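User: I've got a model open and would like to go through its pockets, cores and salt bridges. Can we take it one question at a time?

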Amino acid sequence: FDIYNTYFDVSTDNNNIGWNMVANPFLAHLDPTVLLADATNFGLANKALYLWDPNIQQYRVLTATTTTPAINNDSGPALVPPMHAFWVKGSSTLSASPTAVEQITLSSSHTTVANATLNHLKTEIPQVRINVNDMQSGYFDEVVIIHHDKATEGFEPDKDAFKLSSDNSDVPSLSIEAFNKRLAIQSLQLQKDNTYRIPIYVKRGKNHALKMTVNKQGLEDFS
């Protein structure tokens, strides 16, 4: 698959450039853990897949270490079902004539038959999951802040992930605003005694009450 630096007509900022849809052509699930680790065949700097979930009317972000929103309270990586399409984000370099700047080559080596219910490889990486719930419709959204020992102060496409918001205006949207980008996942090198200010953007389509919750995993000693 050739990945083009396309952009949405409504905006040409780096949040909207480079989105491409890719299909899973196999009769087996794609394993993001394997695919994203294959630097030869997954030639994108942004190491994340975006899969539409009609049940929650949101795009789930699948990385090699986590999934957001989590599935059945399992925050480990999820799988891409057979014959489903997913989004990836390629280059953010704007061009009047989009060109194929990156490539993905899928093979059977990226597939797995294990656990076709999408829950996969539950991980216990230290993280903070921030949720927003529409108290009337029941729709929700989530962002994740991950503790990573090698995280830097800037955007890291192999550790962080852009936000791809739902088109359903009834569904709340949550994102981390950092580095002039909207993120679903941000990796930080968290220190117990430090104070962090992380801008969170909340959008709602209906005039409903929203409830925000914060859940810590492996960071219980952090206040």
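User: How much space lies in the largest pocket?

Analyst: First, a caveat: this is a predicted model, where local features need pLDDT of at least 70 and side-chain atom pairs count only at pLDDT 80 or more, while totals for chains, interfaces and linings use all residues. Residues are numbered from 1 along each chain as its sequence is written, and side-chain values use heavy atoms, with hydrogens and water left out. A pocket here is an open set of points on a 1 Å grid over the protein atoms alone, where a 1.4 Å probe fits, with protein on both sides within 12 Å along at least five of seven lines; lining residues have an atom within 4 Å of a point. Taking volume as the space filled by probe spheres set on the points, the largest pocket comes to about 530 Å³.

User: Which residues lie nearest the centre of the largest pocket?

Analyst: Strands (DSSP runs of E, at least two residues, numbered from the N terminus) help out here: E5 (58-62), E13 (173-178) and E15 (200-203) each give at least two residues to the lining. There are 23 lining residues, and those nearest the centre are Leu164, Ser165, Ser166, Asp167 and Lys203.

User: How many residues of the lining are charged?

Analyst: Asp, Glu, Lys and Arg count as charged; Ala, Val, Leu, Ile, Met, Phe, Trp, Tyr, Cys and Pro as nonpolar; and the others, Gly among them, as polar. On that split the lining has eight nonpolar and 10 polar residues, and the charged ones number five.

User: Which residues have the most contacts inside the largest nonpolar core?

Analyst: A nonpolar core is a set of buried Ala, Val, Leu, Ile, Met, Phe, Trp, Tyr and Cys residues joined through side-chain atoms within 4.5 Å, with buried meaning under 20% relative accessible area (1.4 Å probe, protein chains only). The largest one has 16 residues, and strands E4 (49-53) and E7 (85-89) each supply at least two of them. A second, separate core has 13 residues, including Tyr59 and Leu164. Back in the largest core, the residues with the most contacts are Phe42, Leu49, Val80, Phe86, Val88 and Ile104.

User: Which residue forms a salt bridge with Asp141?

Analyst: A salt bridge is a side-chain nitrogen of Lys or Arg within 4 Å of a carboxyl oxygen of Asp or Glu, and the count comes to six. Asp141 is buried at 0% relative accessibility, and its partner is buried too, at 6%. With the closest N and O atoms 2.6 Å apart, that partner is Lys163. The pair links distant parts of the chain, 22 residues apart: Asp141 sits in strand E11 (residues 140-147), and the loop between E12 (161-162) and E13 holds Lys163.

User: Is Arg60, which meets Asp53 in a salt bridge, buried or exposed?

Analyst: The N to O distance between the side chains of Arg60 and Asp53 is 2.8 Å. Asp53 is buried, at 12% relative accessible area. Arg60 has a relative accessible area of 7%, so it is buried.

User: Which residues do salt bridges that share partners join into one network?

Analyst: Start with Lys159 and Glu156, whose side chains meet in a salt bridge at 3.3 Å, N to O. Both Lys159 and Glu156 are buried. The network joins Glu156, Asp158 and Lys159.

User: How far apart in space are Val132 and Val214, C-alpha to C-alpha?

Analyst: Val132 belongs to strand E10 and is buried, with 0% relative accessible area. In sequence, Val132 and Val214 are 82 residues apart, yet their C-alpha distance is 9.1 Å.

Conventions. Helix = DSSP H or I, 4+ residues; strand = E, 2+ residues; numbered from the N terminus. Buried < 20%, exposed > 50% of the residue type's maximum accessible area, 1.4 Å probe, protein only.
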